Amino acid sequence: MATIISERLFSKFEDEFRPHLEAVGLDESIFRRPDLEVPIDKYTALLERVAAKGNPGIGLQMGQKIEAADLGVLGYAILAATDVRQFLETLSTYLYVFAQDNVIRLDVSRETAVVSYRYLAPGVTQFQRDVEFATSAIARTVSVAVGRPTPPRYAEFEHRKPEYSEAYKAAFGCPVRFGCGGNRLHYDRAALDRRLVTGDPRHFEALTFYLADRLKFRAQDADFMRRLRHLITAGLHTGVPELSSIAEQMGMSARTLQRRMSEHDIVFSDLVDNIRKGIAFEYVRDTDYRLIDIAHILGYQEASSFTRAFKRWADETPRQMRQAAQQEGTVGSMAG
């Protein structure tokens, strides 16, 4: 069962959460035990109930109040990073230690950097407030760590434009689109190089060593495929991941990883290809990024190589898929 570790997340918002605990099957231990693992479905149900009972903007409010330290070791580690790139890479790689079904992906092209937030929990269909919380917390914490406002160029969300859409402007400091194909923060690539005023390389090394150990600890059979997909997805922004590198992150030898994958009838190269395919479809259908930019995000140096791979995946070119998506009308609405 996927969980989220309580840390100080729940105690920080005790007044908002306390009246609704019984209704979602939780108790007051979530306020007292930072090591408690809360089932992800109960966590999202709690946020959605608070929203339904009179505070629909709870997710954005949490994102504006939370401090990185409230997320425990993961929060301290991202603040100790050297620059924004390392901040986001660390968050993407080690989020699994904090929450297993929430995925942050960093996609980088020659001009842009996109932070995507996805929710993978099967059976959980209501998670808008968690999306609002996570994305607004990321945007705010980047600015805090840099020491000056560093807003995205624009933000996109899958859900429809809410009645409280004006609150998004304050939370993100940029234009916001709704009804899109994903939850994304779009930055200029140059923002990745901004140094963090909170950076501490020696502290960062110690904290990420601990997080890497905790990542290996989550090696239960039930988590194997979820964790494997997470690590491949998180590593794509630096190029096509190697099996040996993924095996090391999972705390096993390359031979053991291959054996474990064979037990699931999975070939590593096929899994990587399938993940790249999903990302390619997402960007072609749901964004206005140039095809050459999408190629670079996926690790292709030439648009022609990307087009050949895409035709193998879809039996059509990326341009043909994009034209079909545009005819279907998938452009999101702007806030305000």
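**Entry 1. Largest pocket**

I looked up the lining of the largest pocket and found 17 residues, with Arg118, Leu120, Arg229, Thr233 and Ile275 nearest the centre. The model is a predicted one, and I note that before going on. For the volume of the largest pocket I have about 300 Å³.

Next I asked which elements supply at least two residues each to this lining. They are β3 (102-108), α10 (224-235) and α13 (268-286). The most comes from α13, which gives five residues. I sorted the lining of the pocket by class and got five nonpolar, six polar and six charged residues.

**Entry 2. Largest cavity**

I searched the whole structure for cavities of 30 Å³ or more and found one. Its volume is about 250 Å³. I listed 21 lining residues for this cavity; closest to the centre are Leu71, Leu91, Phe133, Ala134 and Ala137. Two or more lining residues come from each of α6, β3 and α7 (128-146). Here α7 gives the most, with six residues.

By class, I have 17 nonpolar, two polar and two charged residues in the lining of the largest cavity. I set this beside the lining of the largest pocket, where the charged residues number six and the nonpolar ones five. I also note that β3 appears in both lists, as a contributor to the pocket and to the cavity.

**Entry 3. Helix α10**

I returned to α10, one of the pocket elements, and checked its length. Its twelve residues should span 16 Å at 1.5 Å a residue, and I find the end C-alpha atoms 17 Å apart, which agrees.

How many residues of α10 are buried? I count ten of the twelve, so I put the helix down as mostly covered. The buried ones are Phe224, Met225, Arg227, Leu228, His230, Leu231, Ile232, Thr233, Ala234 and Gly235. One of them, Thr233, is also among the residues nearest the centre of the largest pocket. I then looked for what covers the buried residues of α10; the cover includes α6 (84-98), β3, α9 (201-217), α11 (243-249), α12 (254-263) and α13.

**Entry 4. Helix α15**

I ran the length check on α15 (residues 303-314) as well. Twelve residues at 1.5 Å each should span 16 Å, and the end C-alpha atoms are 16 Å apart, in agreement.

I wrote down the buried residues of α15 as Phe306, Ala309, Phe310 and Trp313. Why do they sit on the same side of α15? They cover an arc of only 105 degrees around the axis, which puts them on one side. The general rule is that an α-helix has 3.6 residues a turn, so residues three or four places apart point the same way. On the other side of α15 I found Arg308 and Arg312 exposed. The cover over the buried residues of α15 includes α13, α14 (291-297) and α16 (318-328).

**Entry 5. Helix α16**

For α16 I listed Pro318, Met321, Arg322 and Ala325 as buried. Seen down the axis of α16, these residues fall within an arc of 100 degrees, so I assign them to one face of the helix. Arg319 and Gln327 are exposed on the other side of α16. What covers the buried residues of α16 includes α13, α14 and α15. I note that α15 and α16 each appear in the cover of the other.

**Entry 6. Residues with positive phi**

I looked at aspartate 315, which lies in the loop between α15 and α16. It comes just after α15 and takes a positive phi of about 60 degrees, although it is not a glycine. I call aspartate 315 exposed because its relative accessible area is 72%, and the cut-off for exposed is over 50%.

Glutamate 7 also has a positive phi, about 45 degrees, without being a glycine. I placed it in the loop between β1 (3-5) and α1. At 24% relative accessibility, glutamate 7 counts as partly exposed.

**Entry 7. Glutamate 16**

I found glutamate 16 in helix α1 (residues 14-17). Is this residue buried or partly exposed? Its relative accessibility is 22%, so I enter it as partly exposed; buried would need a value under 20%.

Leaving out residues up to four places away in sequence, I find that glutamate 16 touches Val50, Ile58 and Lys65. I also took the separation from phenylalanine 87, which is 71 residues away along the chain: the two C-alpha atoms are 29 Å apart.

Definitions and conventions: Residues numbered from 1 in each chain as written. Predicted model: local features only at pLDDT ≥ 70, side-chain atom pairs only at ≥ 80, totals over all residues. Heavy atoms only, no water. 1 Å grid on protein atoms, 1.4 Å probe; cavity = no way out; pocket = protein on both sides within 12 Å on 5 of 7 lines; lining within 4 Å. Points joined across faces, edges and corners; volume = space filled by probe spheres on them. Helix = DSSP H or I, 4+ residues; strand = E, 2+ residues; numbered from the N terminus. Nonpolar A, V, L, I, M, F, W, Y, C, P; charged D, E, K, R; others polar. Buried < 20%, exposed > 50% of the residue type's maximum accessible area, 1.4 Å probe, protein only. Contact = heavy atoms within 4.5 Å. Expected span 1.5 Å × (residues − 1). Arc of directions from axis to C-beta.
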